[in-house]
Number of protein chains: 2
Amino acid sequence: MAEPSGTARDPEAVSRFVEHFAAQLVEAGLQRMPARVFAALLASDKGVLTSAELGEQLKISPAAVSGAVRYLAQVRMVSREREPGSRRERYRVHGDQWYEALTNREAILKRWEDALREGVTSLGADTPAGRRLEETLAFFEFVDQEVAAMMERWRAHREQRFGRG
Amino acid sequence: MAEPSGTARDPEAVSRFVEHFAAQLVEAGLQRMPARVFAALLASDKGVLTSAELGEQLKISPAAVSGAVRYLAQVRMVSREREPGSRRERYRVHGDQWYEALTNREAILKRWEDALREGVTSLGADTPAGRRLEETLAFFEFVDQEVAAMMERWRAHREQRFGRG
DNA sequence: CGCTCCTTTCAGAAATTTGTGAAGTTAAGG
DNA sequence: CCTTAACTTCACAAATTTCTGAAAGGAGCG
């Protein structure tokens, strides 16, 4: 069955999950190294790993870790911490923070909306194409609102089911 | 101001929008040709274009059109129609259908969920990592439901604001 | 039936992306 | 200060992706 908690974990099982889940993320558009690094963090016991641990576990160079982590931090999927009294850096996946990041497709949506607004203006709001773009724009604006509300509901749901993390 | 409807449209304005919007789609992970083709359809007056029109407008080969369209049809962002009494094919962006497609990240979400479930099992539901994966899984399941409900609300909202398309 | 117009497939050239090794940078600790 | 541990940056080689031209396929029309 499953390992009793507190026991060393089966590195092979971990690796299998990491690679499998990372593959799904890649398919969804994430770059490979960020995907693998993120999956490794998700599957770690503390949700925290150092550069060295990541490099060793994933068999990648420090340079690759650096690049992946920079990207992940930029899109808020992990946070970086300086381990006090050491030059080591640690990377953490906060339970919630990364859901927020997922919905931080907001930033992307905003740019879509801008492009659409520009299109409505330059093609003419009174043209068929303009009207189509306007409706598309309305959809995204609707989604914006709804996603915000949805995340509220999630937080409530989560607290009820898992307690305050 | 804008062109009166019924007048030939400014091809340059159209192109500017198409390339700009396509660039956003690319940034969000779509391949370039599908993105450009889709944007061109969105910006067309009837929401329908033939292969030849697409090729000419976007300055790409028939092969490129073929590939892009195949992809877009597969993910339900456009539908293909045979123009009756002709070998020409026409590609259409249905107002609603493509929102559905967007949420058809469902297919993707399902696979994420599968990978996570597998992870919970193989790492052990009683381990810290297992619990983290479980919570992530719960989030996606929650999102599934919510998105379905959201689309319902959108349809109502849309009907009210734009009338039945 | 065969011709013709359109679309699709395929192999390959070109461009882009990816990951590495090695040099460079910063800061802790003696 | 000097050493050393760690992370970052950079240039390049390798792998992958992308798009094209050319040939093949198939449906309408005579």
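This passage looks at how the two protein chains are arranged and how they meet DNA strand C in a predicted model.

Start with the symmetry. Chain A lands on chain B after a rotation of 180° with 0.0 Å of shift along the axis, and the fit leaves an RMSD of 0.2 Å. That makes the relation one of a two-fold axis. The two copies also use the same surface to meet each other, as 100% of the contact residues of chain A turn up again in chain B. As for who sits by the axis, G29(A) is the residue of chain A that gets closest, with its C-alpha at 2.6 Å.

Now for the DNA. Around strand C there are 20 residues, and those coming nearest are M33(A), S61(A), R80(B), R87(B) and E89(B). On the strand's side, 83% of the atoms that come within 4 Å of the protein belong to sugar and phosphate. Sorted by class, the protein surface here is a mix of 8 charged, 7 nonpolar and 5 polar residues.

Both chains chip in with secondary structure. At least two residues of this surface come from each of α2 (32-42) and α4 (62-74) in chain A, and likewise from each of α4 (62-74) and β3 (89-92) in chain B. The biggest share goes to α4(B), with 4 residues.

Chain B also places polar side-chain atoms by phosphate oxygens of strand C. For R80(B), already listed among the nearest residues, the distance is 2.7 Å. S66(B) has a polar side-chain atom 3.2 Å from a phosphate oxygen, while for S51(B) the corresponding distance is 3.4 Å.

How values were computed. Residues numbered from 1 in each chain as written. Chains lettered and ligands numbered in written order. Predicted model: local features only at pLDDT ≥ 70, side-chain atom pairs only at ≥ 80, totals over all residues. Heavy atoms only, no water. Least-squares fit on C-alpha atoms with pLDDT ≥ 70 in both. Contact = heavy atoms within 4.5 Å. Near = heavy atom within 4 Å. Polar contact = N/O pair within 3.5 Å; in protein donor to acceptor, adjacent residues only side chain to side chain. Nonpolar A, V, L, I, M, F, W, Y, C, P; charged D, E, K, R; others polar.
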